[in-house]
Amino acid sequence: MRLRLLALVLLSVLIKPFMRAQNAPAEAEIPSVQVDKLFEKMDRTVSPGCALAVMKDARIIYERGYGMADLDHNVPITPGTIFHVASMSKQFTAASVVLLAQDGKVSLDDQVRKYVPELPDFGAPITIRQLVHHTSGLRDQWELLGLAGWRYSLDLITDDDVLSVMSRQKDLNFPPGSKHLYCNTGYTLLAQIVKRVSGQSFREFTTSHIFQPLGMKNTHFRDDHAEVVEKYCLRI
C-alpha cells in the first residue's frame, strides 16, 4: 500500500499571503524560503520528515522532501519518496465498494454476512453501509489482536488472522446503526467483500478500477509483506 504525498492542504492557507504580495518580484510566486521555514525542524538528517508539493492552477510550483526516509541507511526523503499512508487508504476501500454498487453487484444495504459468512450472527443485521460509516458496532481488530497477544507493527498480521479473531466474537459494542465508533475491522471486511464479489485481489481491483484510470502510477495496496518497494519511506 503506497501513495505519493502530493500536497498539504494546510499550506494553501499559510502560503496565500505570500502569493498576494502586489509589489513582490515574479520569483516570489514560489515562496520556497517561507515554505522551508515551516518545515525547518524536519529538515535534518537525524529525524523523520515529509514530502510536499505546492500546487497552483493545477501545476506543481514547488516540491521538496524534508528529513529522512531511512535512518539506518541514510536515505533522505525526496518528492518521489513512497509512503505507507495507513488509514488514508480507507477512502479507496469505500470507493471500491461504491463502484461495485454502481455496477449492481452489491447493494450498500446488503447484510455483510451475505458475503462474509464467517462473521457471527449477532442477532441484528450489519450492513455494508454501516461498515462504511463506522456504525456497525463491531469491535476493533487491533484491540482484539492486542488482547490476543499480537504486537501491532511488529508481528505479521494477515486478513485471515483478523477474520479468525472476528469469527470468535460473541457480542458487539452497540446495536448496529445506533452509534458511531471508528472501526478498522469494518474496512478489512469491506476489502474482503470487494475481493469476493469481483473475483480479483483487492490490489488488482483497486489498481485496475481506481489507480490506473487516475494515473496514480506509484500507488497500490501492498499485499505481499516481503515485496521490496523502491523509494519506500520506513515508518520510524
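The exercises below work through the fold, the cores, one helix and two unusual backbone angles of a predicted model.

**Exercise 1. Describe the overall make-up of the protein.**

Step 1. Count the elements: the protein has 8 helices and 6 strands.

Step 2. Put them in sequence order, which gives α-α-β-β-β-β-β-α-α-α-α-α-α-β.

Step 3. Look at burial and surface. Of the 236 residues, 38% are buried. The accessible surface is about 14,000 Å², and carbon and sulfur atoms hold 53% of that area.

Step 4. Consider the contacts with a separation of 6 or more: 60% of them join residues 24 or more positions apart.

**Exercise 2. Find which residues touch the most other members of the largest nonpolar core, and which elements build that core.**

Step 1. The core holds 35 residues, and those touching the most other members are V112, L119, I126, I128, L131, L138 and L189.

Step 2. Two or more residues each come from α3 (90-102), α4 (128-132), α5 (141-147), α6 (159-166), α7 (184-198) and α8 (202-211). The largest share, 6 residues, is that of α7.

Step 3. Take L189 as an example. Apart from neighbours within four places in sequence, L189 contacts V112, V116, L119, L131, L138 and L163.

Step 4. Check for another core. A separate one of 8 residues exists, with V35, C50, L52 and V54 among its members.

**Exercise 3. Test the length of α3 against the expected helical span, then state what covers its buried residues.**

Step 1. At 1.5 Å a residue, the 13 residues of α3 should span 18 Å.

Step 2. The end C-alpha atoms of α3 lie 18 Å apart, so the length agrees with expectation.

Step 3. List the buried residues of α3: K90, F92, T93, A94, S96, V97 and L100.

Step 4. Relate the list to helix geometry. An α-helix has 3.6 residues a turn, so residues three or four places apart point the same way.

Step 5. The cover over the buried residues of α3 includes α4, α7 and α8. Just after the helix, G104 has a positive phi of about 75 degrees.

**Exercise 4. Locate D57 and A86, and decide whether each is buried, partly exposed or exposed.**

Step 1. Recall the background: most residues other than glycine have a negative phi.

Step 2. D57, not a glycine, has a positive phi of about 55 degrees. D57 sits in the loop between β1 (50-56) and β2 (59-66). Its relative accessible area is 71%, above the 50% cut-off, so D57 is exposed.

Step 3. A86, also not a glycine, has a positive phi of about 50 degrees. A86 lies in the loop between β5 (82-83) and α3. With a relative accessible area of 37%, A86 is partly exposed.

Terms used. Residues are numbered from 1 along each chain as its sequence is written. This is a predicted model: local features need pLDDT of at least 70, side-chain atom pairs count only at pLDDT 80 or more; totals for chains, interfaces and linings use all residues. Side-chain values use heavy atoms; hydrogens and water are left out. A nonpolar core is a set of buried Ala, Val, Leu, Ile, Met, Phe, Trp, Tyr and Cys residues joined through side-chain atoms within 4.5 Å. Buried means under 20% relative accessible area, exposed over 50%, partly exposed in between (1.4 Å probe, protein chains only). Helices (H or I, at least four residues) and strands (E, at least two) are DSSP runs, numbered from the N terminus. Contact means heavy atoms within 4.5 Å. The expected span of a helix is 1.5 Å times one less than its number of residues. Accessible areas come from the Shrake-Rupley method with a 1.4 Å probe; for residues, only the protein chains shown count as cover.
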